[in-house]
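Hi everyone, thanks for making time for this. I'd like to walk you through one structure, so please have a look at it on the screen before I start talking.

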Amino acid sequence: MAEYENEFSQFPLKKITKHNFKNVDDTIAPIINQINVLRSQGLYHQASQIIENNQDTLAQYIVDAITFRTWEEEIYNTQKYAKQVQQFVFLDENEPTECNEGDVWIGGNV
């Protein structure tokens with residue numbers, strides 16, 4: 001059985017997380033512009049305060065490190081899952097010594 005990462009992702013035990021991000025619109029643009037101006041001036045603490053104070057609203061518009069880490073982990077888990085469940089068909093007189101559950105062996109005089 002493959003070892004999956006489970007800090008941010010529960011795949012394949014649960015569905016992959018679906019994110020419904022929105023494009024920036026006139027309702028959120030003033031806050032994002034204010035954050036960008038502060039960042040450009042090197043005022044990162046003030047920018048982070050605005051982000052923290054508007055976290056619920058901004059979460060719909062801005063991808064954060066946790067979201068990137070979730071995507072990365074879900075892609076990794078999906079790759080491991082796909083490799084593990086790949087099925088092989090063995091056409092051989094003798095049963096193969098190394099095969100996975102779900103593989104097919106067609107034996108006898110081939």
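One term before anything else: when I say contact, I mean heavy atoms within 4.5 Å. And one caveat, which is that this is a predicted model.

With that term in hand, let's begin at helix α1. Which residues of α1 are buried? They are A29, I32, I35 and L38. And what covers them? The cover includes α2, residues 44-53, and α3, residues 55-58.

For those of you who like a geometry check, α1 has 12 residues, and at 1.5 Å a residue it should span 16 Å. Its end C-alpha atoms are 16 Å apart, so the model agrees with that expectation.

Two other residues of this helix deserve a mention. Q34 lies in α1 and counts as partly exposed, because its relative accessibility is 44%. N36 is found in α1 too, and with a relative accessible area of 37% it is partly exposed. Both can be paired with A47: Q34 is 13 residues from A47 in sequence, with 7.8 Å between the C-alpha atoms, while N36 is 11 residues from A47 along the chain, with a C-alpha separation of 7.7 Å.

Just after α1 you reach G42, which has a positive phi of about 80 degrees. As background, most residues other than glycine have a negative phi, and most peptide bonds are trans. Keep the second half of that in mind for a moment.

Let me step back to the whole protein. There are four helices and two strands, and along the sequence they come in the order α-α-α-α-β-β. Of the 110 residues, 17% are buried. The accessible surface comes to about 8800 Å², and carbon and sulfur atoms hold 51% of that. If you take the contacts with a separation of 6 or more, 53% of them are between residues 24 or more positions apart.

Now for the rings. How many aromatic pairs does a search of the whole structure find? Three. One of them joins F11 and Y81, edge-to-face, at 5.5 Å centre to centre and with 75 degrees between the planes. F11 lies in the segment before α1 and Y81 in helix α4, so this pair ties together parts that are 70 residues apart in sequence. Is each partner buried or partly exposed? F11 is buried, because its relative accessible area of 15% is under the 20% cut-off. Y81, at 35%, is partly exposed.

Another pair is F68 with W71, also edge-to-face, at 5.4 Å centre to centre and 85 degrees between the planes. These two are three residues apart in α4, so about one helical turn separates them. W71 counts as partly exposed, at 30% relative accessibility. Ring pairs also bring in F21, giving a cluster of F21, F68 and W71.

Back to F11 for that peptide bond. The bond from F11 to P12 is cis, with omega near 15 degrees, and P12 sits in the segment before α1.

F11 turns up once more when we look at N77. N77 belongs to helix α4, residues 65-85, and at 0% relative accessibility it counts as buried. Leaving aside residues up to four places away in sequence, N77 touches Y4, E5, S9 and F11.

Last stop, the pockets. Rolling a probe the size of a water molecule over the atoms shows where empty space is left. The largest pocket holds about 290 Å³ of space. Its lining includes F21, S48, I51, E52, Q55 and L58, and further along the chain A59, I62, V63, D64 and T67 are among the lining residues too. Which elements give two or more residues to that lining? Those are α2 and α3, and α2 gives the most, with three residues. You have met F21 already, in the ring cluster with F68 and W71.

That's my tour, and I'm happy to go back to any part of it on the screen.

Technical notes:
Residues numbered from 1 in each chain as written. Predicted model: local features only at pLDDT ≥ 70, side-chain atom pairs only at ≥ 80, totals over all residues. Heavy atoms only, no water. Buried < 20%, exposed > 50% of the residue type's maximum accessible area, 1.4 Å probe, protein only. Areas by Shrake-Rupley, 256 points an atom, 1.4 Å probe, with all protein chains shown as cover. Phe/Tyr/Trp six-rings, centres within 6.5 Å; stacked < 30°, edge-to-face > 60°. Expected span 1.5 Å × (residues − 1). 1 Å grid on protein atoms, 1.4 Å probe; cavity = no way out; pocket = protein on both sides within 12 Å on 5 of 7 lines; lining within 4 Å. Points joined across faces, edges and corners; volume = space filled by probe spheres on them.
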